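Student: Please take one part of this model and look at it closely, then work outward from there into its surroundings. I would like a connected account that I can follow with the structure open beside me.

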Amino acid sequence: MRKNMREDQHEYLEIYYFTPSEFEKAGNVWPIRIGHNIAKSNYHIGPRTTPYYYLIFVLEGQGTFYQNNLTFSLGKGDMFCLFPQVTHEYVTVASHPLHKIFVAFDGKQSLHLLERIGLSPHSPHLSGAATEQALSLMWDFISAVSEGERQATDLSRLNHLYRVFDSLSGMHKPAANHENRAVTWLQMGLSYMQIHYAEGITVQRVSDHVGVERTHFTKQFGKTYGVPPMEYLQSLKMNEAKLLLEQTAYTLSEIANSVGYPDLFSFSKAFKKHIGMPPTLYRQQNKSN
């Protein structure tokens, strides 16, 4: 047992917490915590939810995992994910306690990253998917941070996290079925909007990019992500506009152009409708020192 492990009521645990830097939070994914545990015979987590994504590997033992009204048996070499705001529960087999290693992370591309290794909210478990290389990289990550925060910079943390996913991505071969194709073009549309929202793109342009009729794209996007694509585009623009108003000295016209509006009038009108106040007033109330 490692020297940094602590004992509590239902497990032995070694865990490290991160405070993401502004650089990390400006990116697509950032780690929040990493650790491993050895369960006691009474180990039972949940039902509960998490605000983050948790990628978990089973090193030893047996158990059962419940999420999204699905049930999965856990065994050595399995990989599973806890998705944010989704009720989950997992329990060990008392005679074969679970030993797990895990990393929690967040960011706008977290779901896409998980899909690249074969995990999704509707398929949160993969049997025997924890490769020796991925586990070795996870232990390297823990070793890097166990020596103290100064030994693992934000770039180092990101490097370790991406190396784990990179080692797993080559193992996943997407199934060629209709549901996975739908997920693929929806994710393509989402990513396209996240990258190009400031270029004045329209929903028609996005649907053309993914090769799907506009009405069908709008319907399926809203059904999957809970918001119409036009509204999602608007929120991306407004979130960026708020950051520019808070953190820069750009003029309103420069901000309007930066988030994809052709002129100051259309930007100001949209901002007031979406935020509830003119951009000038928002800046006055929220300007960073």
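Tutor: Let us start with Q85, which is found in the loop between β8 and β9; the model is a predicted one, and what follows should be read in that light. Q85 has a positive phi of about 65 degrees, although Q85 is not a glycine. The residue is classed as exposed because its relative accessible area is 59%, and the cut-off for that class is over 50%.

The loop that holds Q85 lies between β8 and β9, and these two strands lead into two sheets. We can follow β9 to begin with. An open sheet of 4 strands, with antiparallel pairing, has the order β4-β9-β6-β7. Because β4 and β7 each have a single partner strand, they stand at the edges of this sheet, and one side of each is left without a neighbour there. From one strand to the next, the twist averages 15 degrees.

Within this sheet, β9 (residues 88–92) is joined to β6 by 5 bridges, and the two strands run antiparallel. Two of the facing residues can be picked out by eye: Y66 stands opposite E89 in β9, and T64 stands opposite V91 in the same strand, β9. Both T64 and Y66 belong to the uncovered face of β6 (residues 63–67), whereas G63, F65 and Q67 make up its covered face. As background to that pattern, side chains in a regular strand alternate between the two faces of the sheet.

β6 also pairs with β7 (residues 70–74), again in the antiparallel sense and over 5 bridges. Here F65, a residue of the covered face of β6, stands opposite F72 in β7. β6 and β7 form a hairpin with 2 residues between them, and N68 in its turn has a positive phi of about 55 degrees. As you inspect backbone angles, you may therefore wish to set N68, with its positive phi in the hairpin turn, beside Q85, whose phi is also positive, and whose place is in the loop between β8 and β9.

At the β4 edge of the sheet there is another backbone feature to look for. P47 is found in strand β4, and the peptide bond that leads from G46 to P47 is cis, with omega near 0 degrees.

Now we can return to the loop and follow β8 instead. β8 belongs to an open sheet of 7 strands in the order β1-β2-β3-β10-β5-β8-β11, where the pairing is antiparallel. The edge strands of this sheet are β1 (6–7) and β11 (125–126), each of which pairs on one side only. β8 (residues 79–82) is joined to β11 by 2 bridges, and these strands run antiparallel; M79 stands opposite L126 in β11.

Two helices should be viewed together with this sheet. Helix α3 (residues 132–146) packs on the sheet and touches β2 (11–17), β3 (30–39), β5 (53–60) and β10 (99–106), with a direction that makes about 105 degrees with that of β3. Helix α4 (residues 154–169) lies across β3, β5, β8 and β10, and runs at about 70 degrees to β3.

One residue of the sheet's interior is worth selecting as a contrast to Q85, namely H99, which lies in strand β10. H99 is buried because its relative accessible area is 17%, and the class of buried residues takes values under 20%. The side chains of H99 and H36 are joined by a polar contact of 3.5 Å. With neighbours within four places in sequence left aside, H99 is in contact with H36, N37, I38, F57, V58, L59 and E60.

Finally, there is a pocket to which strands of both sheets contribute. The second largest pocket holds about 340 Å³ of space and is lined by 22 residues, of which I15, R48, Y54, Y90 and F102 lie nearest its centre. At least two residues of its lining come from each of β2, β3, β4 (44–48), β5, β9 and β10, and β2 gives the most, with 4 residues. The strand β9, at one end of the loop where we began, is thus among those that supply this lining.

Note on methods: Residues are numbered from 1 along each chain as its sequence is written. This is a predicted model: local features need pLDDT of at least 70, side-chain atom pairs count only at pLDDT 80 or more; totals for chains, interfaces and linings use all residues. Side-chain values use heavy atoms; hydrogens and water are left out. Two strands pair if DSSP finds at least two bridges between them. Contact means heavy atoms within 4.5 Å. Axes are lines fitted to C-alpha atoms, for helices over the stretch in contact, and angles run from 0 to 180 degrees between N-to-C directions. Buried means under 20% relative accessible area, exposed over 50%, partly exposed in between (1.4 Å probe, protein chains only). A polar contact is a pair of N or O atoms within 3.5 Å; within protein, one must be able to donate a hydrogen and the other to accept it, and residues adjacent in sequence count only if both atoms are side-chain atoms. On a 1 Å grid over the protein atoms alone, a cavity is a set of points where a 1.4 Å probe fits but cannot get out, and a pocket is an open set with protein on both sides within 12 Å along at least five of seven lines; lining residues have an atom within 4 Å of a point. Grid points are joined across faces, edges and corners, and a volume is the space filled by probe spheres set on the points.
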